[in-house]
Amino acid sequence: MEFSSGQLFLFVLRGIFTAALPFAVYGYLKHRHGGRPLPVFAGIVTVILILVPRELFRNVLMQGAETDTGKWLTVWLVGAVFEECGRYAAMKHAIPGYDTHTDALCYGIGHGGTEVIVSAAHQFVLLADALGQSGTQEHLTALSEQGILTALGVMLGNMSNLAFHMAMSVLIARAVHYEGCKKLLPIAVFVHMLANFTEFCFGTAADVLLTVLIWIFVYLHGKRLQAHESEAY
C-alpha cells in the first residue's frame, strides 16, 4: 500500500511534536519560574516503579469481574489508585522539601511526560510500519486513512495528557503540604478514574474539556487557599 509524502510527514510531525512537548514545557518552567530537575526525575521513577504492581493487581482483580464493564472499571480504578497514591508517596517521602507550585508542575511533567514519550515512540513505530509495509492489510489500511485530523488529535491528546498530570500533581502536592487538604487524595483518585472513562468512551475532545475543567477547579481551589496561607500552590 502506497503512502504519500504528506502522510509520512504527518507521522513524523506528530512524533517529533509529542516527543518535544515535555521538554519544551519544562524548559519554560525552568527559564521563567526556576523549575528544578529532581521533581521531574521523581515523576519518571514513580511511573516506572508502579508499572509491575499495578498490572499484577489489575490481573488479579479482573479475574473476579464478570462483565466487560466490570473489567474496564477495574482497570481504571486500579490505575487511578496506583498513580495518585504513588504520586502522593513520592512527594511526601522522596522529595518532601520540594514543596512549591513549580515543583508540583515539574513532577507532573515527569509523570505525564513519561506517558507522552511512550506515545511519541509509538508514532515512529507507525511511521516504520508505513515505510516498511509492515503488519496486516487491515493495519496498513487504517494507517493510510490517517490524515491531518488524526495528527491533530494525537498532538492535542498528548498536550491534554501532560496538562492533566500537571494539574493532578498540584492537587496531590496540596494534599501533602497543606493541613486540611488530605481529602484531595481520594478526590484525585476519583477524577483520574473519571478521566480514564471520559477518554475511552468519548474521545479526545471530551478529554480536553475535562482537563480544562480540572484546571479551573485547581485554580479556584488555589485562590481559596491564598486567603488562608501566605504561599499557595
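A residue counts as partly exposed when its relative accessible area falls between the limits for buried, under 20%, and exposed, over 50%. In this predicted model, Gln133 has a relative accessible area of 32% and is therefore partly exposed. Gln133 is found in the loop between H4 and helix H5 (137-144). Its backbone stands out from a general trend. Most residues other than glycine have a negative phi. Gln133 is not a glycine, yet its phi is positive, at about 55 degrees.

The interior was examined next. In soluble globular proteins, nonpolar side chains tend to be buried together. Here the largest nonpolar core has 37 residues. Met168, Ile172 and Ile214 have the most contacts inside this core. Two or more residues come from each of helix H1 (5-33), H2, H3, H4, H6 and H7. The most, 11 residues, are given by H6.

Empty space was then mapped. Rolling a probe the size of a water molecule over the atoms shows where such space is left. The largest pocket holds about 760 Å³ of space. Its lining consists of 27 residues. Nearest the centre of this pocket lie Glu115, Asn161, His165, Asn196 and Glu199. Five helices each supply at least two lining residues: helix H2 (37-62), helix H3 (68-94), helix H4 (101-132), helix H6 (148-177) and helix H7 (184-226). H6 provides the largest share of the pocket lining, with 8 residues. H6 also gives the most residues to the largest nonpolar core. By residue class, the pocket lining comprises 12 polar, 9 nonpolar and 6 charged residues.

Closed space was also found. The structure holds 1 cavity of 30 Å³ or more. About 40 Å³ of space lies in the largest cavity. This cavity is lined by 10 residues. Met91, Tyr98, Asp103, Ala104 and Ala173 lie nearest its centre. H4 and H6 each supply at least two residues of the cavity lining. Of the residues lining the cavity, 6 are nonpolar, 2 polar and 2 charged.

Aromatic contacts were considered next. The structure holds 6 aromatic pairs. One of them joins Trp72 and Phe200. The two ring centres are 4.3 Å apart, and the planes meet at 40 degrees. This pair counts as tilted, because its angle is neither under 30 degrees, as in stacked pairs, nor over 60, as in edge-to-face pairs. Trp72 lies in helix H3 and Phe200 in helix H7, so the pair ties together parts that are 128 residues apart in sequence. Both partners are partly exposed: Trp72 has 38% relative accessibility, and Phe200 has a relative accessible area of 47%. Ring pairs also build a cluster, which links Trp72, Trp76, Phe197, Phe200 and Phe202.

Cysteines were checked last. The structure holds 0 disulfides. For Cys85, the closest cysteine sulfur is in Cys181, 17 Å away. A disulfide requires the two sulfur atoms to lie within 2.5 Å, so the sulfur of Cys85 is too far from that of Cys181 for a bond. Cys85 is partly exposed, at 34% relative accessibility. Cys106, by contrast, is buried, at 0%.

Methods
Residues are numbered from 1 along each chain as its sequence is written. This is a predicted model: local features need pLDDT of at least 70, side-chain atom pairs count only at pLDDT 80 or more; totals for chains, interfaces and linings use all residues. Side-chain values use heavy atoms; hydrogens and water are left out. On a 1 Å grid over the protein atoms alone, a cavity is a set of points where a 1.4 Å probe fits but cannot get out, and a pocket is an open set with protein on both sides within 12 Å along at least five of seven lines; lining residues have an atom within 4 Å of a point. Grid points are joined across faces, edges and corners, and a volume is the space filled by probe spheres set on the points. Helices (H or I, at least four residues) and strands (E, at least two) are DSSP runs, numbered from the N terminus. Ala, Val, Leu, Ile, Met, Phe, Trp, Tyr, Cys and Pro count as nonpolar, Asp, Glu, Lys and Arg as charged, and the others, Gly among them, as polar. Rings of Phe, Tyr and Trp (its six-membered ring) pair if their centres lie within 6.5 Å; planes under 30 degrees apart count as stacked, over 60 as edge-to-face and the rest as tilted. Buried means under 20% relative accessible area, exposed over 50%, partly exposed in between (1.4 Å probe, protein chains only). A nonpolar core is a set of buried Ala, Val, Leu, Ile, Met, Phe, Trp, Tyr and Cys residues joined through side-chain atoms within 4.5 Å.
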